[in-house]
Amino acid sequence: DEYRGGDDDDEPPEYRGGGGREVAADGGNEATSPGESGGGGAPAVHGSGWGGMAADWIASRARQLKRATTSWLGGWGGTEQKGQGKNSSPEADRLRAALRSARADASSAKRDLDDALALLQTDFGPSSRYFPLRGRCFSYAPGGEFSYELCPFDKATQSGGTTLGKWKGWGDGYSVFEFDQGAHCWATGKGRTATAKLECAEENVVLNVDEPEVCSYAFVFGTPSACTTAHVDEARREAGMPPLAQTPAGAEEEEHDEL
């Protein structure tokens with residue numbers, strides 16, 4: 001139950017005792033009988049004593065502080081009172097919603113900017129021919145204990161979530177993907193590594209995965225992005241077809257000069 005003794009505006013009574021003991025308001029010593037002390041041997045606190053009056057004043061100030069704090073927080077929608085709805089003004093709610101929306105938009109814009117910067121800093125090969133592979137992953141399941149996944153410009157993984165390596169860059173010109181800083185390998189004491197040799201193919205597909213050295217993996221990846229004019233001419237020769245006709249250098253400029 002709420003303590004109702006004392007007025008909210010009472011100031012703490014002046015201490016009139018001495019000798020380190022609490023005294024009654026009339027200057028006499030407080031009773032310390034077992035019945036009043038509850039059997040613990042400590043002086044009982046009466047409402048007429050200094051301790052009781054101080055308790056009144058402290059309780060009053062505590063109630064004032066609680067009311068002021070509740071009122072202030074309620075105006076900002078920061079508290080809820082038992083049995084009542086949320087204490088908040090419509091304007092405060094609108095401003096908080098606008099702030100949350102602005103923060104979400106700022107976070108989204110930052111992510112987009114980071115992605116754009118990473119994109120600009122990535123080398124996608126000559127004429128960016130390997131750009132179509134960005135953001136895609138290709139699986140390989142040979143049917144044994146492990147399966148694999150190759151994500152160009154990102155990472156290579158093994159079944160079970162083991163990272164074989166993160167994108168490092170190009171090797172052997174622009175014919176090999178290189179990955180390093182993979183999951184720790186207990187046998188070598190280092191991180192796993194992987195490479196992916198690129199071959200011309202009609203579709204994007206992992207052709208093979210091997211482990212020539214402990215915790216070092218070798219992918220073979222077929223992709224149309226690896227096909228060059230030389231590959232096309234070779235395929236045409238194998239099919240008994242002549243190579244593609246090539247426009248002589250400067251021919252186009254001569255044609256425009258005649259116009």
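A disulfide here is a pair of cysteine sulfur atoms within 2.5 Å. Keep in mind that this is a predicted model.

**Exercise 1.** Work out what joins Cys 137 to Cys 151, and which parts of the chain the pair ties together.

*Solution.*
- Start with the sulfurs: S to S is 2.0 Å for Cys 137 and Cys 151. The cut-off is 2.5 Å, so the pair counts as a disulfide.
- Next, the twist: the angle about the S-S bond is 110°, and the link is right-handed.
- Now place the ends. Cys 137 sits in the loop between helix 3 (90-121) and strand 3 (138-140), while Cys 151 belongs to strand 4 (residues 148-151), so the bond ties together parts 14 residues apart in sequence.
- Finally, check accessibility. Cys 137 is partly exposed at 40%, whereas Cys 151, at 1%, is buried.

**Exercise 2.** Describe the link between Cys 185 and Cys 215: its handedness, its location and its burial.

*Solution.*
- With 70° about the S-S bond, this one is right-handed.
- Cys 185 is in strand 8 (residues 184-185), and Cys 215 is in the loop between strand 11 (205-213) and strand 12 (216-223); they are 30 residues apart.
- Both Cys 185 and Cys 215 are buried.

**Exercise 3.** Do the accessibility check for Cys 200 and Cys 227, then give the pairing pattern for the chain.

*Solution.*
- The sulfurs of Cys 200 and Cys 227 are joined at 1.9 Å.
- Cys 200 comes out at 32%, partly exposed, and Cys 227 at 25%, also partly exposed.
- The count comes to 3 disulfides. Number the bonded cysteines in sequence order and the pairing reads 1-2, 3-5, 4-6.

Notes: Residues are numbered from 1 along each chain as its sequence is written. This is a predicted model: local features need pLDDT of at least 70, side-chain atom pairs count only at pLDDT 80 or more; totals for chains, interfaces and linings use all residues. Side-chain values use heavy atoms; hydrogens and water are left out. Helices (H or I, at least four residues) and strands (E, at least two) are DSSP runs, numbered from the N terminus. Buried means under 20% relative accessible area, exposed over 50%, partly exposed in between (1.4 Å probe, protein chains only).
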